[in-house]
Amino acid sequence: MPLVNGNPMNKVSSESMKVVVRLSYILSLFKLQNYLDGKNINNIGFVIFDSPKDKDLDKDKYERFLKCLASANCGQIFLTGSDKDEESYINTFKEEFFLPKLSDDDKLLKVL
């Protein structure tokens, strides 16, 4: 059980803090594959995040999380996000990392 300021995570009432701890744990495991044998980590080299911003993560914590993702030099990370947070993504990631904006008329998978 992770500790936050000396308190076990199951005793912390802040939902935002719980999200931060979970994201930190997942990102730590992901980055460990650079330092340990992949068999010990049991990670196939990619992580998919559904935007944690939807889980009441405040803007500054979310932007710090995005910077951690941007600095991860291992594997592949897929992050879904809202148009509302577009500025945070543009300020953090290089343009070539973005998929095109998707809509009902412009889908990623198209019928040929």
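**From a charged pair to the nonpolar core**

K110 counts as exposed, because its relative accessible area is 55%, where exposed means over 50%, buried under 20% and partly exposed in between, with a 1.4 Å probe and protein chains only. The structure is a predicted model, in which local features need pLDDT of at least 70 and side-chain atom pairs count only at pLDDT 80 or more, while totals for chains, interfaces and linings use all residues. Residues are numbered from 1 along each chain as its sequence is written, and side-chain values use heavy atoms, with hydrogens and water left out.

K110 forms a salt bridge (a side-chain nitrogen of Lys or Arg within 4 Å of a carboxyl oxygen of Asp or Glu) with D106, and the closest N and O atoms of the two residues are 3.3 Å apart. The partner, D106, is partly exposed, since its relative accessible area is 30%. A search of the whole structure finds two salt bridges, and the other one to look for joins D60 to R64, whose closest N and O atoms are 3.0 Å apart. D60 and R64 are four residues apart in helix α3, so about one helical turn separates them, and D60 is partly exposed because its relative accessible area is 42%.

To place these residues, it helps to know the overall plan. The protein has four helices and four strands, taken as DSSP runs (helices H or I, at least four residues; strands E, at least two) numbered from the N terminus, and along the sequence they follow the pattern β-β-α-α-β-α-β-α. Of its 112 residues, 26% count as buried. The accessible surface, computed by the Shrake-Rupley method with a 1.4 Å probe and, for residues, with only the protein chains shown as cover, comes to about 8700 Å², and carbon and sulfur atoms account for 53% of that surface.

Strand β3 has two unlike faces: V47 and F49 lie on the covered one, whereas F46, I48 and D50 lie on the uncovered one. In a regular strand, side chains alternate between the two faces of the sheet. β3 pairs with strand β4 (residues 76-80) in the parallel sense over five bridges, where pairing requires at least two DSSP bridges, and F46 stands opposite Q76 in β4.

F49 also belongs to the largest nonpolar core, a set of buried Ala, Val, Leu, Ile, Met, Phe, Trp, Tyr and Cys residues joined through side-chain atoms within 4.5 Å. Of the 14 residues in this core, L23, F49, Y62, F65, L66 and L69 touch the most other members. Two or more core residues come from each of α1 (15-32), β3 (46-50) and α3 (59-71). In soluble globular proteins, nonpolar side chains tend to be buried together.

L66 leads on to S88, which sits in helix α4 (residues 86-92) and counts as buried because its relative accessibility is 4%. Leaving aside residues up to four places away in sequence, S88 touches K59, E63 and L66, a contact being heavy atoms within 4.5 Å.

Some nonpolar residues lie on the surface instead: Y25, I26, L29, L32 and Y35 form a patch with about 510 Å² of accessible area together, where patch residues have over 30% relative accessible area and no salt bridge, like charges being joined within 9 Å and nonpolar side chains (Val, Leu, Ile, Met, Phe, Trp, Tyr) within 5 Å. Among them, I26 lies in helix α1 and is partly exposed, because its relative accessible area is 36%.
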